Amino acid sequence: MAVEQDMLIAVEPVKTHTLQLANTNPLYPDFRTSANSIQIDNTKPLWHNYFLCGFKGIQEHFGLSNLTGMNCLVDGTIPPSSGLSSSSALVCCAGLVTLTVLGMKLSKVELAEICARSERYIGTEGGGMDQSISFLAEEGTAKLIEFSPLRATDVKLPSGAVFVIANSCVEMNKAATAHFNIRVVECRLAAKLLAKYKNLQWDKILKLEEVQSKLGVSLEEMLLVTEDALHSKPYSPEEICRCLEINLEELRTQILSPNTQDVPIFKLYQRAKHVYSEAARVLQFKKICEESPDNMVQLLGDLMNQSHTSCRDLYECSCPELDQLVDICRKFGAQGSRLTGAGWGGCTVSIVPAEKLSSFLANVHEAYYQKNDGSLAPQKQSLFATKPGGGALVFLEA
């Protein structure tokens, strides 16, 4: 679901071919460049590069040249590097701004797919979940996002509970480290080994979902296949080459990403097990929301708790501060709590019975933020309840 916090860009078309970007936050310096020679530096993921991703995505989709310039002022209430998709929000907002200024038309699904692809210019091999919900979100309802083709289904959340976001205040810029891309590559390698084990054309497969789809089996069955096909010990690049019958050069150039070529070990069993079990939990969550049993909030909370355990132990994308914050949230009334976003920092999301909200907020604030005053910057503190927000839209000057 989209949170109620947002990213805003005020834009003015200009007759020059210059792209001029400014930010209301003084931490982010002004930037200017030619609209016709966009260069995105993925070695230093500075704020303006995310805008350039969205701009370039639209430019390339339509095959445009000799573009008009724009003066843009960026503002936003999404805490940066907090796992709440501030970077994707900026990419999506930039794509929508560019589309609007150029007078072009695209569907929300097309825009989401373009922005998901173009964010990869920054060097992060992300999926399309954040961009999809940025455009397809509707106020008051969560969405089940599915791909190939991209589609979104309404999921009605329980009326007796609220979702609370708590920022661990550990910042994680996923484009500035290899953590995120290593997980993507581990899942890619796991998919290839599972495909080979099942005599599929493994060299054409990139995602774990593709293996399941080609085999035509359930997620639960894929967990059994994973148990049979992969061992729990980490795989070396050499062992992966032996399994796939390729050499190290082929592994590096055809499968690994640029910043994962020197990784010494890959945990394939753990990553595949997390992905298939997490996907199953998503479908269970939707089913519980549809059936609305009496203990619905508790059941949803149990799934969220299982999810955090899997993120921590199998996918290994948590951190001590997130684990501490999850424990605190559960202690003070959350039925379930888990990290949200890419991990390694950022936020938790908790499901809290509505009648416990005020005491929950007060207790979590005291237990996590006040007790960590020495190490947490107060301006980064972020603890708030949210309902599902709406997707991206354009305000035109009258």
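**Group meeting talk: a walk through a predicted model**

Okay, let's start in an odd spot: right after helix α8 comes Glu 245, and its phi is positive, near 60°. Keep in mind throughout that what we have on screen is a predicted model.

Staying with α8 for a moment, that helix covers residues 237-244, and in it Pro 237, Glu 239, Ile 240, Cys 241 and Leu 244 are buried. What sits over those residues? The cover includes α5 (179-197), α9 (248-254) and α10 (268-291). Hold on to Cys 241, we'll meet that residue again.

Now let me zoom out. The protein chain has 13 helices and ten strands. If you lay the C-alpha trace along its principal axes, you get a span of about 65 × 55 × 45 Å. Is the overall size what you'd get from a compact globule, or not? For 398 residues, such a globule would have a radius of gyration near 21 Å, and the protein chain comes out at 22 Å, so the two agree. Of those 398 residues, 51% are buried. As for the outside, the accessible surface is about 19200 Å², and carbon and sulfur atoms account for 51% of that. One more overall number: take the contacts between residues at least 6 apart in sequence, and 70% of them join residues at least 24 apart.

Right, on to the part near the start of the chain. Here we have an open sheet of four strands, in the order β1-β4-β2-β3, with mixed pairing. At the edges are β1 (7-14) and β3 (31-34), and each of these pairs on one side only. On average, neighbouring strands in this sheet are turned by 15° against each other, if you ignore direction. Let's look at one pair: β2, residues 18-23, runs antiparallel to β3, and four bridges join the two. If you want a place to click, Gln 20 is opposite Arg 32 in β3.

Two helices lie across this sheet. Helix α1, residues 47-62, lies across β1, β2, β3 and β4 (69-76), and it runs at about 135° to β2. Helix α2, residues 86-102, lies across β1 and β4, at about 30° to β1.

So what's packed in there? In general, nonpolar side chains in soluble globular proteins tend to be buried together. The largest nonpolar core here has 63 residues, and the ones with the most contacts inside it are Ile 9, Leu 19, Phe 51, Phe 55, Leu 90, Leu 111 and Phe 285. The biggest contributor to this core is α2, which gives nine residues. There's also a second, separate core of 40 residues, and here Cys 241 comes back, along with Phe 266, Cys 319 and Trp 344.

Let me pick out Ile 9. Skipping neighbours within four places in sequence, its contacts are Phe 51, Cys 72, Leu 73, Val 74, Leu 90, Cys 93, Ala 94 and Val 97.

Next, Thr 98, which you'll find in helix α2. Buried or exposed? Buried counts as under 20% relative accessible area, and Thr 98 is at 1%, so it is buried. Setting aside residues up to four places away in sequence, Thr 98 touches Phe 55, Ile 58 and Met 70. Measure across to Phe 51 and you get 9.8 Å from C-alpha to C-alpha, with the two positions 47 residues apart in sequence terms.

Another serine/threonine stop: Ser 310, in helix α11, residues 296-313. With a relative accessible area of 6%, Ser 310 is buried too. Beyond residues up to four places away in sequence, Ser 310 touches His 274, Ser 277, Arg 281 and Tyr 315.

Last up, two hairpins. In the first, β5 (142-146) has four of its five residues buried. β5 pairs with β6, residues 151-155, antiparallel over five bridges, and Ile 145 is opposite Ala 152 in β6. Four residues sit between these strands, and Ser 148 has a positive phi near 55°.

In the other hairpin, β8 (336-340) has five of its five residues buried. β9, residues 347-353, pairs with β8 over five bridges, antiparallel, and Gly 336 has Ile 351 as its bridge partner in β9. Here there are six residues between the strands, and Gly 341 takes a positive phi near 90°.

That's the tour, thanks.

Definitions and conventions
Residues are numbered from 1 along each chain as its sequence is written. This is a predicted model: local features need pLDDT of at least 70, side-chain atom pairs count only at pLDDT 80 or more; totals for chains, interfaces and linings use all residues. Side-chain values use heavy atoms; hydrogens and water are left out. Two strands pair if DSSP finds at least two bridges between them. Axes are lines fitted to C-alpha atoms, for helices over the stretch in contact, and angles run from 0 to 180 degrees between N-to-C directions. Contact means heavy atoms within 4.5 Å. The radius of gyration is taken over C-alpha atoms; the globule rule is 2.2 Å times the number of residues to the power 0.38. Buried means under 20% relative accessible area, exposed over 50%, partly exposed in between (1.4 Å probe, protein chains only). Accessible areas come from the Shrake-Rupley method with a 1.4 Å probe; for residues, only the protein chains shown count as cover. A nonpolar core is a set of buried Ala, Val, Leu, Ile, Met, Phe, Trp, Tyr and Cys residues joined through side-chain atoms within 4.5 Å.
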